[in-house]
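Hi there,

Here is the structure I promised to pass on. Have a look at it, and then read on for what turned up.

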Amino acid sequence: FTGLANIADMQLLDVKGMVRNIMQDVISGMVVLPQKMMYQMNPATDFCDIYIPSFIGLARIRAHSGRGFQVEKQTFGHDVPDVYLNISLGSQAPWKTSTVPDNLNPTWGEDESHDFLVCSKEQLIFIEAYDEDSGSLDKDDFLGEA
């Protein structure tokens, strides 16, 4: 195992940093407190009121259209964005729309909608636009947010 320690000292890979990050992840996973803990102090309290929030409504969000996207200049020509949206309401999981290929002013169809449960009037809608890239090593490009 002494040869393995010499490899860790080499500057080609940041093995020390990788090991340090792994150890920090393992330790933080063991010592983090739970997000919340419930204790029934009043026997008349219904736990459903605490665990399941009461919803005040339903919001149907429809992706209609976008504008103002720009052509990305690349080494070998130009890339017209393949636009899709990630839309979320409050802390709910985001909804991903279909991708509109090669379009600077994308338009989505009438059936492009999603229903979100509304718990509070203060909940915010987040809309993020991305350019979908097909390469496995090429991450989707962030285009903007609203």
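Contact here means heavy atoms within 4.5 Å. This is a predicted model, so local features need pLDDT of at least 70 and side-chain atom pairs pLDDT 80 or more, while totals for chains, interfaces and linings use all residues. Residues are numbered from 1 along each chain as its sequence is written, and side-chain values use heavy atoms, without hydrogens and water.

Let me start with Asp133, which sits in the loop between β7 and β8 (strands are DSSP runs of E, at least two residues, and helices runs of H or I, at least four, numbered from the N terminus). Beyond its neighbours within four places in sequence, Asp133 touches Asp79, Asp138, Lys139, Asp140 and Asp141. Asp133 is buried (under 20% relative accessible area, 1.4 Å probe, protein chains only) but has no salt bridge (a side-chain nitrogen of Lys or Arg within 4 Å of a carboxyl oxygen of Asp or Glu). The nearest side chain of opposite charge (Lys and Arg positive, Asp and Glu negative; His and chain ends not counted) is Lys139, 9.6 Å away.

As for the whole protein, there are 3 helices and 8 strands, in the order α-α-α-β-β-β-β-β-β-β-β along the sequence. Of the 146 residues, 20% are buried. Among contacts between residues at least 6 apart in sequence, 57% join residues at least 24 apart.

Happy browsing!

Conventions. Buried < 20%, exposed > 50% of the residue type's maximum accessible area, 1.4 Å probe, protein only.
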